[in-house]
Amino acid sequence: MTARAVVTGLGIVASNGIGRDAYWAATLAGRSGIGRITRFDPTPYPARLAGEVSGFAAEELLPSRLLPQTDRMTRFALVGADWAFADAGIRPQELPEFDMGVATASHAGGFEFGQNELKALWSRGGQYVSAYQSFAWFYAVNSGQISIRNGMRGPSSVVVSDQAGGLDAVAQARRQIRKGIPLMVAGAMDSSICPWGWVAQIACGRISVSEAPDRAYLPFDAEACGYVPGEGGALLIIEEADHARRREAPQVYGEIAGYAATFDPRPGSGRDSGLRRAIEQALRDAEIPPDGIDVVFADAAATPELDQVEATAITGVFGPGGVPVTAPKTMTGRLYSGAAPLDLAAALLSIRDGIIPPTTHVRLADRYEIDLVRNAPRTAPVRAALVLARGYGGFNSAMVVRAPT
Amino acid sequence: MSTAQTGSFTDDDLRRILREGAGSDESVDLDGDILDSTFEELGYDSLALLETGSRIEREYQITLEDDAVSGVRTPRELIDLVQQRLAARPS
């Protein structure tokens, strides 16, 4: 029998809540973390809103040795991994080092660190560039730093597929569990709310330029006008089910039951997006029929064309209004690689509590035949949830999580 | 704080630069008697040493070859190296 991968710990950093309980309470209450950028002066830029994490005191949460060598996204990742381990009741130093690996995703690496060092190079010269620039900007650095800090010498990797990467990393962790690794840390933290990161994001053409925090990010709304970027994400402790049972893990949130990834056809080909195929294959992989899914966490790109593709894929598989759909990322902004792991965490907490978090501020456009959970959470038994994530350039990933058995 | 102007380099200068450039290990008392501990024992790897050397070069306007810095094992050896370079500096 194939080894089953279950989630036993959650570490969360988001703009509407730092830590699992704070995030979940804010999300159920519909509290948004989106506001005007404070990390730099956004006045000269066309987009000025973001889901910034405030009150994250890295110097109180991490040893001083790690501060000069880490970008903000890596600090989120190291602290998120610490919290996930604590939640799972695991002290990594007590486990065999080759029994633990790390699989993260990254959108762009450590942009803010890189910006500061490029600035030093340009304005003062090469001798002013930090030696830690050699790795601190690198998109694989979160996996590396988590593995070093926690003494994890099992298989470690990074995937880069924009927003879809968050699911692809967790799928990679499941592969390692199936190959016999007892425990993986998986997920993603992203952050690039600095001028250099900001102009790179604006260049994609999908960022909302609205200045009203409650009207800026409106997936499936007739006024959809792009998305608001955010920072943060989630890291999950993924364990082989028997390993979790034998050590009497404090909780099993659920199982990574199904996954699929597809790629869109080239633009202009006239062929359909690969999103529906990803959903169908993930359901097949989980051996769950469409009517066995109790909620869909949408990718929620918030551009009319991409919303239509997603609504059509969901309706095609589940039927019009056939399944509750939600997008709590309307409260955090899109977190790039961090988004889907955060949605997985929310899906697992929905399973735990029997409640579906809301999508905020959206007035559902008539053309989308989906049952969008809006404004207030919906109480409902959740046995299985589907999480969708799409990456810029045609990546589609779908993952099914189901209640622990 | 800096003694760059006076042309000397003390153990307190090294402590300050280590903290600024690489932080300090929680299990180590950097203010204690560290002169003959190895950098490894103090929690500093080769990259931390490289960053420290680079900061000393900037502040004291001397040149420390990468080989010379990576060959240094203890704070005392690094201080000696810096003082040699300072002494050799044209006045």
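A salt bridge, as the word is used here, is a side-chain nitrogen of Lys or Arg within 4 Å of a carboxyl oxygen of Asp or Glu. Keep that in mind as we look at this structure, which is a predicted model.

**Where the two chains meet**

How many salt bridges does the rule find across the interface of chain A and chain B? It finds one. The partners are Asp45(B) and Arg65(A), and their closest N and O atoms sit 3.6 Å apart. That pair counts as a salt bridge because 3.6 Å falls within the 4 Å cut-off. On the chain A side, the residues touching chain B are seven nonpolar, four polar and one charged.

The interface also has six residue pairs in polar contact, with both residues at pLDDT 80 or more. As for who takes part, chain A brings 12 residues to the contact and chain B brings 16 residues. Arg65(A) turns up again here: together with Ala131(A) and Tyr132(A), it supplies 48% of the area that chain A buries against chain B, more than any other three residues. The area buried between the two chains comes to about 1,100 Å², and carbon and sulfur atoms give 53% of it.

**A helix in chain A**

Now for helix α1 of chain A, which covers residues 20–29. Which of its residues are buried? They are Tyr23(A), Trp24(A), Ala26(A), Thr27(A) and Leu28(A). These buried residues pack against β1 (5–14), β2 (17–18), α12 (339–353) and β12 (355–356) of chain A. Right after the helix comes Gly30(A), with a positive phi near 75 degrees.

**Cysteines without partners**

A disulfide is a covalent bond between the sulfur atoms of two cysteines. Searching the whole structure turns up zero of them over all chains. Why do the two cysteines below not form one? For Cys194(A), the closest cysteine sulfur is too far away for a bond, and the reason is just as plain for Cys204(A), whose closest cysteine sulfur is also too far.

| Cysteine | Closest cysteine sulfur | Distance | Relative accessible area |
|---|---|---|---|
| Cys194(A) | Cys204(A) | 15 Å | 1%, buried |
| Cys204(A) | Cys225(A) | 13 Å | 22%, partly exposed |

**A proline in chain B**

Last stop: Pro90(B), in the segment after α4 (75–88) of chain B. Is Pro90(B) buried or exposed? Pro90(B) has a relative accessible area of 74%, so it counts as exposed, the cut-off being over 50%. Its C-alpha atom is 15 Å from that of Glu57(B), a residue 33 positions away along the chain.

Terms used:
Residues numbered from 1 in each chain as written. Chains lettered and ligands numbered in written order. Predicted model: local features only at pLDDT ≥ 70, side-chain atom pairs only at ≥ 80, totals over all residues. Heavy atoms only, no water. Helix = DSSP H or I, 4+ residues; strand = E, 2+ residues; numbered from the N terminus. Buried < 20%, exposed > 50% of the residue type's maximum accessible area, 1.4 Å probe, protein only. Contact = heavy atoms within 4.5 Å. Buried area = accessible area lost by both parts, 1.4 Å probe. Polar contact = N/O pair within 3.5 Å; in protein donor to acceptor, adjacent residues only side chain to side chain. Nonpolar A, V, L, I, M, F, W, Y, C, P; charged D, E, K, R; others polar. Disulfide = S-S within 2.5 Å.
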